[in-house]
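Welcome to this guided tour! Keep your viewer open, and at each stop select the residues named before you read on.

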Amino acid sequence: MKKIHYLFLLLLLLSSSVMGQKKVITGKVTSQGDNEPMQGVTVLASKQKGGTTTKADGTYTITVDKTVTTLIFSSVGFTAQTVEIGDKTSVNITMVAAVTSNDEVIVIGYGTQKKSHLTGAVSKYKNEKLDETPVSRLDQALQGKIA
């Protein structure tokens with residue numbers, strides 16, 4: 001009977017050490033230019049599968065292994081950032097916009113191309129009131145506006 005008690009005690013001690021292998025990290029992601037919360041930023045833990053994204057208010061919660069030392073934050077149009085977490089349970093970060101030149105990119109009907117790779121004519125149409133046109137598709141709004 002004593003052996004069963006010792007075995008139970010040993011299993012209890014082992015299970016408590018296994019449960020202590022995770023930690024929860026929370027924080028908020030904002031943009032550098034206007035300090036507004038950013039929604040949809042990907043948060044990944046190094047050396048671990050899976051991740052999370054930020055909510056509408058810029059907050060996130062991620063559960064990581066104790067062995068994880070860094071978090072990776074990435075979003076389209078912003079420079080990816082790697083942050084050392086150490087023993088922190090709260091990590092707030094400000095994302096920096098990636099500087100790109102839009103002069104070289106052409107938006108076409110099925111994707112984007114660099115201007116140097118494009119063959120054919122390019123037309124440019126500027127109209128701030130395009131979204132006020134009562135049509136359901138973009139091609140209908142541009143109809144007759146570009147030769």
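Before the first stop, one term will help: a residue is called buried when its relative accessible area is under 20%, exposed when that value is over 50%, and partly exposed in between. Also keep in mind that what you have on screen is a predicted model.

**Stop 1: the whole chain**

Show the chain as a cartoon. How many helices and strands does its secondary structure come to? You should find two helices and nine strands. Follow the sequence and the pattern reads α-β-β-β-β-β-β-β-β-β-α.

Now switch on the surface. The chain exposes about 11,300 Å², and carbon and sulfur atoms supply 56% of that. Of its 147 residues, 20% count as buried. If you take the contacts with a separation of 6 or more, residues 24 or more positions apart account for 41% of them.

**Stop 2: the salt bridge**

Select Lys22 and Asp65. The structure holds one salt bridge, and these two residues form it, with their closest N and O atoms 2.8 Å apart. Where do the partners sit in the chain? Lys22 belongs to strand S1 (residues 22-31), while Asp65 belongs to strand S4 (residues 59-65). The two are 43 residues apart, and the pair links distant parts of the chain.

Are these residues buried, exposed or in between? Lys22 has a relative accessible area of 47%; because this lies between the 20% and 50% limits, Lys22 is partly exposed. Asp65, at 24%, counts as partly exposed too.

**Stop 3: the nonpolar core**

Next, select Ile25, Val29, Tyr60, Ile62, Leu71 and Phe73. The largest nonpolar core has 17 residues, and these six touch the most other members. Colour the elements that give two or more residues to this core: S1, strand S2 (42-45), S4, S5 and strand S7 (93-95). Which element gives the largest share? That is S4, with three residues.

Stay with Val29 for a moment and show what surrounds it. Leaving aside neighbours within four places in sequence, Val29 is in contact with Glu36, Pro37, Met38, Val41, Thr54, Gly58, Tyr60, Phe73, Ile93 and Met95.

**Stop 4: two rings**

Two of the contacts of Val29, Tyr60 and Phe73, deserve a stop of their own. Show their side chains as sticks. A pair of aromatic rings is described by the distance of the centres and the angle of the planes. For Tyr60 and Phe73, the centres are 5.6 Å apart and the planes make an angle of 75°, which is an edge-to-face arrangement. The count of aromatic pairs comes to one. Tyr60 lies in strand S4 and Phe73 in strand S5, so the pair ties together parts that are 13 residues apart in sequence. Both Tyr60 and Phe73 are buried.

**Stop 5: two threonines**

Select Thr70, which you will find in strand S5 (residues 70-74). Is Thr70 buried or exposed? With a relative accessibility of 9%, Thr70 counts as buried. Show the side chain of Ser46 as well: a polar contact of 2.7 Å joins it to the side chain of Thr70. Apart from residues up to four places away in sequence, Thr70 touches Leu44, Ala45, Ser46, Thr82, Val83, Glu84 and Ile85.

Now move to Thr59, in strand S4. Thr59 has 25% relative accessibility and counts as partly exposed. Its side chain makes a polar contact of 2.7 Å with the side chain of Asp57. Beyond residues up to four places away in sequence, Thr59 touches Gly27, Lys28, Thr53 and Thr54. Add Gln39 to the selection: this residue is 20 residues from Thr59 along the chain, and their C-alpha atoms are separated by 8.1 Å.

**Stop 6: two loop residues**

Finish with the backbone. Select Asn35, in the loop between S1 and S2. What is the phi value of Asn35? Phi is near 60°, a positive value in a residue other than glycine. Asn35 is exposed, with a relative accessible area of 55%.

Lys47 is your last selection, in the loop between S2 and strand S3 (51-53). Lys47 is not a glycine either, yet phi is positive here, at about 65°. At 70% relative accessibility, Lys47 counts as exposed.

Conventions: Residues numbered from 1 in each chain as written. Predicted model: local features only at pLDDT ≥ 70, side-chain atom pairs only at ≥ 80, totals over all residues. Heavy atoms only, no water. Helix = DSSP H or I, 4+ residues; strand = E, 2+ residues; numbered from the N terminus. Buried < 20%, exposed > 50% of the residue type's maximum accessible area, 1.4 Å probe, protein only. Contact = heavy atoms within 4.5 Å. Areas by Shrake-Rupley, 256 points an atom, 1.4 Å probe, with all protein chains shown as cover. Salt bridge = Lys/Arg side-chain N within 4 Å of Asp/Glu carboxyl O. Polar contact = N/O pair within 3.5 Å; in protein donor to acceptor, adjacent residues only side chain to side chain. Core = buried A, V, L, I, M, F, W, Y, C linked by side-chain atoms within 4.5 Å. Phe/Tyr/Trp six-rings, centres within 6.5 Å; stacked < 30°, edge-to-face > 60°.
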